[in-house]
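Work through the exercises below with the sequence and the model side by side. Try each task before reading its solution.

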Amino acid sequence: TPLPADHSESPSDIDFFDNTNDKPVANNPPQPTYLTISRPYFVTSLITYHWNGGEGAPPGKISLRRSGGVEYGPWESRGIPGNGNVQNASWMVEPRVTLPPGKYEVVDSKRATWSHNAGLKGEGFVFIRGHPR
C-alpha cells in the first residue's frame, strides 16, 4: 500500500504488519483481523483498504483492541486515493502510539466497505508501519 507524499516517518520505520495482496477483493470481511507482536512497537501509520467496488468510502475511524479489552484509538482517518485514482480507497491514521507486546484486533468503523479476499481467510486488508521500541 503506497503512503502519501506528505506522510511523516522515521528512517527506522519498517512495515511490521502487511496482509495486503493483489488479488480481487470483496467487501465486509467475515473474520476479525488480528496482529500479534512479540515486542513493543511505535506505530507511525496504519492503513485499511476500502476499494468498495471502485467507489472508495468516506473515511471513518480505526482502532486497535488488545486482548483483554484495552483499546488504542479510535483515530479519525483521512482518505488516500487508490488504484485508478479511486478517492478514499485507503484510510490512513498516524497514531504515534507505542503498543506493548500482545494480540490486537484491528477495528474499522465501516466494516461493510472494508476490503478482504480469500487469500486472507476473511480478514480485512491492513498495512502498519512503525519501529520497535
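A salt bridge here is a side-chain nitrogen of Lys or Arg within 4 Å of a carboxyl oxygen of Asp or Glu. This is a predicted model: local features need pLDDT of at least 70 and side-chain atom pairs pLDDT 80 or more, while totals for chains, interfaces and linings use all residues. Residues are numbered from 1 along each chain as its sequence is written, and side-chain values use heavy atoms, with hydrogens and water left out.

**Exercise 1. Salt bridges**

Task: Find the partner of arginine 129 in a salt bridge, and place both residues.

Solution:
- Start with the pair. Arginine 129 bridges to aspartate 15, and their closest N and O atoms are 2.2 Å apart.
- Place the two ends. Arginine 129 sits in strand β12 and aspartate 15 in strand β1 (residues 14-18), 114 residues apart. Strands (E, at least two residues) are DSSP runs, numbered from the N terminus.
- Check burial. Buried means under 20% relative accessible area, exposed over 50%, and partly exposed in between (1.4 Å probe, protein chains only).
- Arginine 129 is buried because its relative accessibility is 14%. Aspartate 15, at 41%, is partly exposed.

Task: Which residue pairs with glutamate 105 in a salt bridge?

Solution:
- The partner is arginine 65, with the closest N and O atoms 3.7 Å apart.
- Glutamate 105 is in strand β10 (residues 102-108) and arginine 65 in strand β5 (residues 61-66), so the bridge ties together parts 40 residues apart in sequence.
- Glutamate 105 is buried at 18%. Arginine 65 is partly exposed at 32%.
- Now widen the view. Arg65, Glu71 and Glu105 form a network of salt bridges.
- The total count is six salt bridges.

**Exercise 2. Histidine 131**

Task: Is histidine 131 buried or exposed?

Solution:
- Locate the residue. Histidine 131 belongs to strand β12 (residues 126-132).
- Apply the cut-off. Histidine 131 is buried because its relative accessible area is 12%.
- Look for a polar partner. The side chains of histidine 131 and aspartate 13 make a polar contact of 2.6 Å. Such a contact is a pair of N or O atoms within 3.5 Å; within protein, one must be able to donate a hydrogen and the other to accept it, and residues adjacent in sequence count only if both atoms are side-chain atoms.

**Exercise 3. The nonpolar core**

Task: How many residues does the largest nonpolar core have?

Solution:
- Use the rule. A nonpolar core is a set of buried Ala, Val, Leu, Ile, Met, Phe, Trp, Tyr and Cys residues joined through side-chain atoms within 4.5 Å.
- The largest core has 21 residues, and Phe16, Leu35, Leu64, Leu99 and Ile128 have the most contacts inside it.
- Strand β4 (residues 41-49) gives the largest share, three residues.
- Another core lies apart from it, with five residues, among them Tyr49, Val86, Ala89 and Phe125.
- Zoom in on leucine 35. Beyond its neighbours within four places in sequence, its contacts (heavy atoms within 4.5 Å) include Phe16, Leu64, Tyr104 and Ile128.

**Exercise 4. Strand β8**

Task: Which strands pair with β8, and what lies on its two faces?

Solution:
- Two strands pair if DSSP finds at least two bridges between them.
- β4 runs antiparallel to β8, with four bridges. Leucine 46 has valine 93 as its bridge partner in β8.
- β7 is also antiparallel to β8, joined by three bridges. Isoleucine 80 stands opposite serine 90.
- Inspect the faces. Ser90 and Met92 lie on one side, Trp91 and Val93 on the other, and all are buried.
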